[in-house]
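This report looks at charged and nonpolar side chains in turn. Please keep the sequence and the model at hand while reading.

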Amino acid sequence: MTSAIRAMSSRTKMTIFWLLFGASILLAVFPPLYLAGSGVDTPILGVPFSVAYWIFDALLATGAVWLLWVFENIRGEVGEEPEEVAL
């Protein structure tokens, strides 16, 4: 798996990240998706649907950022901060 991640192009990596993170953004800023399910009384794992919706959205955003960090860590792209340029 790590060899496939290392061989992956930077464009593919960012496409995967933005598909996941973009879905999270869409869930957060597109009210009709939330409003369509806000009247649902069916609990999801004991949590009302309206609360589960936001928990899912938060987990999706967190998972996308975490996955990007894992990919960049495997590819060796996570490192020290660049040196500041002297003015």
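What kind of interaction do the side chains of Lys13 and Glu77 form? In this predicted model, the two side chains meet in a salt bridge, with a distance of 2.7 Å from N to O.

## The salt bridge between Lys13 and Glu77

Lys13 belongs to helix H2 whereas Glu77 sits in the segment after H4, so this pair ties together parts of the chain that are 64 residues apart in sequence. The two partners can also be described by their accessibility: Lys13 is buried, with a relative accessible area of 4%, while Glu77, at 37% relative accessibility, counts as partly exposed.

## Further salt bridges and the network

Lys13 also takes part in a salt bridge with Glu72, where the side chains meet at 3.1 Å, again from N to O. Here Lys13 lies in helix H2, which covers residues 10-29, and Glu72 in helix H4, which covers residues 49-74, so the pair ties together parts that are 59 residues apart in sequence.

Glu77, in turn, has a salt bridge with Arg75, the side chains of these two residues meeting at 2.9 Å from N to O. Through shared partners, the salt bridges join Lys13, Glu72, Arg75 and Glu77 into one network. The count of salt bridges in the model comes to three.

## Asp57, a buried acid without a salt bridge

Which side chain of opposite charge is nearest to Asp57, and how far away is it? Asp57, which is found in helix H4, is buried yet has no salt bridge, and the nearest side chain of opposite charge is that of Lys13, 22 Å away. Because a salt bridge requires the nitrogen and the carboxyl oxygen to be within 4 Å, a separation of 22 Å does not qualify Lys13 as a salt-bridge partner of Asp57.

The side chain of Asp57 does, however, have a polar contact of 2.9 Å with the side chain of Ser24. When neighbours within four places in sequence are left aside, Asp57 is in contact with Ser24, Leu27 and Ala28.

## A nonpolar patch on the surface

Which residues make up the nonpolar patch on the surface? Trp18, Ile25 and Val29 form this patch, and together they have about 310 Å² of accessible area. Of these residues, Ile25 has its place in helix H2 and is partly exposed, with a relative accessible area of 38%. Ile25 can belong to the patch because patch residues need over 30% relative accessible area, and the value for Ile25 is 38%.

Methods
Residues are numbered from 1 along each chain as its sequence is written. This is a predicted model: local features need pLDDT of at least 70, side-chain atom pairs count only at pLDDT 80 or more; totals for chains, interfaces and linings use all residues. Side-chain values use heavy atoms; hydrogens and water are left out. Helices (H or I, at least four residues) and strands (E, at least two) are DSSP runs, numbered from the N terminus. Buried means under 20% relative accessible area, exposed over 50%, partly exposed in between (1.4 Å probe, protein chains only). Lys and Arg count as positive and Asp and Glu as negative; His and the chain ends are not counted. A polar contact is a pair of N or O atoms within 3.5 Å; within protein, one must be able to donate a hydrogen and the other to accept it, and residues adjacent in sequence count only if both atoms are side-chain atoms. Contact means heavy atoms within 4.5 Å. Patches are made of residues with over 30% relative accessible area and no salt bridge: like charges are joined within 9 Å, nonpolar side chains (Val, Leu, Ile, Met, Phe, Trp, Tyr) within 5 Å. Accessible areas come from the Shrake-Rupley method with a 1.4 Å probe; for residues, only the protein chains shown count as cover.
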